[in-house]
Amino acid sequence: MDTTHKLPAIATVPYLSTDGRAAILDQLFEPCIPLHTLSISLLQEKTFTSYDELIDSIGLQLTALANSSSTSDGTWLQSILAAHPRLGQSKVESSQSQSEQAQLNTGDESSAQSLTELNQLYENTFPGLRYVVFVNGRSRAVIMDDMKTRIDRRDWTAEQHAAIQVGFLPLPQEKQLMTPVHRRCVILPKTGHENPV
């Protein structure tokens, strides 16, 4: 997906076609059919005053899935969270993730192999989840240390909530209307933390 796409004025979102609303979701999050299924109707049924408010509302939907005792809700949430590519993955579909991860794909082969192994260990420790973190400006070493800490913590519920919350900082005012998309990692409501890990 081209990161130069511009977001339409927030007031127009309810009037867009289904494909238009899906394109907004794909720009704000990773392209994901299960997320479309969950949230496309919300974008038509509710009027938002900002993209931050829209993102918060989707975060609430995801948190409701996370807090549900329904197995199908848990499976649905996992399919959404798994849409994010693995960190350091060489073949990434979305151009947003490609640019986010560019710094992780530089360096020596042994640290790239270590990142691959940590991704696998993380996914074995937390089945159905992918390690997600706000990447921008963080070195591979810092991210790998965080992965190890989170793996050692072995708190599946905390990881699920972290995946929902990571990377969604409020959009700067100048980026909210007709400007290139401010890329976020996955899906979450605002948390008040500038760089959640």
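How many helices and strands make up the secondary structure of the protein chain? In this predicted model, the chain comes to eight helices and zero strands, taking helices as DSSP runs of H or I with at least four residues and strands as runs of E with at least two, numbered from the N terminus. Residues are numbered from 1 along each chain as its sequence is written. Local features need pLDDT of at least 70, side-chain atom pairs count only at pLDDT 80 or more, totals for chains, interfaces and linings use all residues, and side-chain values use heavy atoms, without hydrogens and water.

Of the 197 residues, 48% count as buried, that is, under 20% relative accessible area with a 1.4 Å probe, protein chains only.

Helix α4 (residues 71–81) offers a good place to look closer: Gly-74, Leu-77, Ile-80 and Leu-81 are buried there. These four cover an arc of only 120° around the axis (from the directions of the axis to the C-beta atoms), which puts them on the same side of α4. The buried residues pack against α2 (33–45), α3 (51–67) and α8 (156–165), with contact meaning heavy atoms within 4.5 Å.

Turning to one of these partners, α4 and α8 pack at an angle of about 55°, their axes 10 Å apart; axes are lines fitted to C-alpha atoms over the stretch in contact, and angles run from 0 to 180 degrees between N-to-C directions. That makes α4 oblique to α8, a class left over once angles under 35 degrees (roughly parallel), over 145 (roughly antiparallel) and 65 to 115 (roughly perpendicular) are set aside. Leu-77, Gln-78 and Leu-81 of α4 meet Trp-156, Gln-160, Ala-163 and Ile-164 of α8 in this contact.

Notes:
Buried means under 20% relative accessible area, exposed over 50%, partly exposed in between (1.4 Å probe, protein chains only).
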